[in-house]
Amino acid sequence: MAMSAFDALCEKILNRQAIVGVVGLGYVGLPFAVEKAKVGFHVIGIEQNPKRAEKVNRGENYIKDVSDTELRDLVQEGFIEAVVGFERVKEADIVVICVPTPLSKNLTPDLSYVEGVTRNLAAHLRPGQLISLESTTYPGTTDEVLRPILEETSGLRCGNDFFLAHSPERVDPGNQRYTTKNTNKIVGASDDLSRQAAILFYRETILDVVPVSSAKAAELVKVFENTFRAVNIALVNELLLLCDRLDLNVWEVLDAANTKPFGIMPFYPGPGVGGHCIPLDPHYLEWKAKEYNFETHFIALAGEINRRMPEFVREKAWRVLNRVGLAPSRSRVLILGITYKKDLDDWRESPAVDILQLLQQDGARVDYYDPYIPEIHLKGQILRSVEFTAAAIAQANLVLIATDHSQVDYGFVIYHAQAILDTRGVTRRLPDADQKVTLL
Ligand code: SAJ
């Protein structure tokens, strides 16, 4: 009997002859491509941004979590190449989709990237291919959106001619300890052969594959993981707002609560929640639940509280300046750290940028310093990071620590600053902090 499409695929995976397509070479796709190439798979990256594709083909890395030398060597040895279009999809035995799943302005899912990629893949789909969606999305996307497009366009049957799975990315950008290589991974598919093929494929580079019974279950696992964080961050942000009323130090309360040896997990308040996951992904679940006439109250509430934090930081900044008789329009503010979290060069959805714009709206002259971000392009203005000098710190009426990059010398900041608003609690254990520092 002729070898089935499934058997042929499994054989190629096991002898690592399978060619792996990775759609989207961003903070998920590029590390993934490197891990697969390192164990001997040939990877074809499909990247819509020609500049990024050219960089990859020159062996030039642009993702902080990827090793420059590893990428360069793998490209030179021919294990990784990048293309812009979908013409070569036929060559790939497995195609992994790692494109963004943003939200529209009114917090509804925007699957345009995923659907666009799926239509392009469907046009080239052939028997024996495994398609795996890694983008974070609401439960049902793989089976209800991707599968019909793939089947109807190609005439092929899922689970028989081609295979389809969901394996959500589990990347914590900047995390040195848990990487694409050693983070266990959920794999789900809605038919047996797809699930078996996906498990076999992912097991080639990630020892700890966690199978679940369907693509839908896998999608919900991931959205729950992000919802868990959004809700707990909102809880401590709400506690901060309450402590402001109670005139209590929320950082002291949380540090003490976290001495409990069991049954608690450290989360800390901050200037808001940024990045492309936590502020967005839970609303995919909220949106889907409405289809079942179900209100996910925790997600809605967490989003509302977290989105409110930049406004609170603005209010607290003016209270601090007011204490020295300064009005916003007569103040200079220096924001330390513009990225959405520390030690990373990503300012997407960063609350620090929201805070900067709010302070500008109130008439203040606002500069920023961030070692990772030389300049930011905001609507109508280009702002460049100032140098980290005693003068830059001293001339600001208020230094606002929005992101607590590890490499910044906060003792130096305290020494030279007139006043400091610390939204991350990073100065709370430093000597001489209390005279000049107000904690959020
Ligand atoms: N934040 C707080 N207080 C906290 C923790 C975080 O205010 O106690 C803020 C951060 O400053 C940041 C935002 O929330 O602005 C998101 O923080 P994050 O630590 O969740 O970082 P992300 O979004 O870069 O990475 C997350 C992953 N992080 C961790 O698991 C630690 C994880 O939630 C997902 O795997 C990943 O997004 C993803 O891609 O979904």
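Me: How far apart do the C-alpha centres of domain 1 and domain 2 lie?

Reply: The model is a predicted one, and in this model the C-alpha centres of domain 1 and domain 2 lie 35 Å apart. Domain 1 covers residues 5-213, while domain 2 covers 229-439.

Me: How should I read the interface, and how many residues of domain 1 are in contact with residues of domain 2?

Reply: One can take the contacts, then the area, then the charged pairs. Here 18 residues of domain 1 are in contact with 18 residues of domain 2, and the two domains bury about 1500 Å² between them, with 66% of that area on carbon and sulfur atoms. Between domain 1 and domain 2 there are also two salt bridges.

Me: How many salt bridges are there by this rule, and which residue forms one with Lys 12?

Reply: A salt bridge is judged by distance, the side-chain nitrogen of Lys or Arg having to come within 4 Å of a carboxyl oxygen of Asp or Glu. By this rule the count comes to 31 salt bridges. Lys 12 pairs with Asp 93, the closest N and O atoms being 2.9 Å apart. This pair links distant parts of the chain, since Lys 12 belongs to helix 1 (residues 5-14) and Asp 93 to the loop between strand 3 (80-83) and strand 4 (94-97), 81 residues apart.

Me: Is Asp 93 buried or exposed?

Reply: The relative accessible area decides, and buried means under 20%. Asp 93, with a value of 3%, is therefore buried, whereas Lys 12, at 34%, counts as partly exposed.

Me: Where do Arg 314 and Glu 311 lie?

Reply: Both residues lie in helix 11 (residues 297-323), three residues apart, which is about one turn of the helix. Their salt bridge has its closest N and O atoms 2.8 Å apart. Arg 314 is buried because its relative accessible area is 18%, while Glu 311 is partly exposed at 38%. Salt bridges that share partners also join Asp 244, Glu 315, Lys 316 and Arg 319 into one network.

Me: Which residues make the nonpolar surface patch of about 340 Å²?

Reply: The patch is made by Leu 242, Leu 246, Leu 248 and Val 253. Leu 242 has its place in helix 8 (residues 215-246), and it is partly exposed, with a relative accessible area of 44%.

Me: Which residues does Arg 428 touch, not counting those up to four places away in sequence?

Reply: Arg 428, in the loop between strand 14 (420-422) and helix 15 (433-436), touches Trp 251, Asp 255, Tyr 268, Asp 422 and Leu 439 on that count. Arg 428 is partly exposed, with a relative accessible area of 24%.

Definitions and conventions:
Residues numbered from 1 in each chain as written. Predicted model: local features only at pLDDT ≥ 70, side-chain atom pairs only at ≥ 80, totals over all residues. Heavy atoms only, no water. Patch = residues over 30% accessible without salt bridge, like charges linked within 9 Å, V, L, I, M, F, W, Y side chains within 5 Å. Areas by Shrake-Rupley, 256 points an atom, 1.4 Å probe, with all protein chains shown as cover. Helix = DSSP H or I, 4+ residues; strand = E, 2+ residues; numbered from the N terminus. Buried < 20%, exposed > 50% of the residue type's maximum accessible area, 1.4 Å probe, protein only. Domains from an automatic or database assignment. Contact = heavy atoms within 4.5 Å. Buried area = accessible area lost by both parts, 1.4 Å probe.
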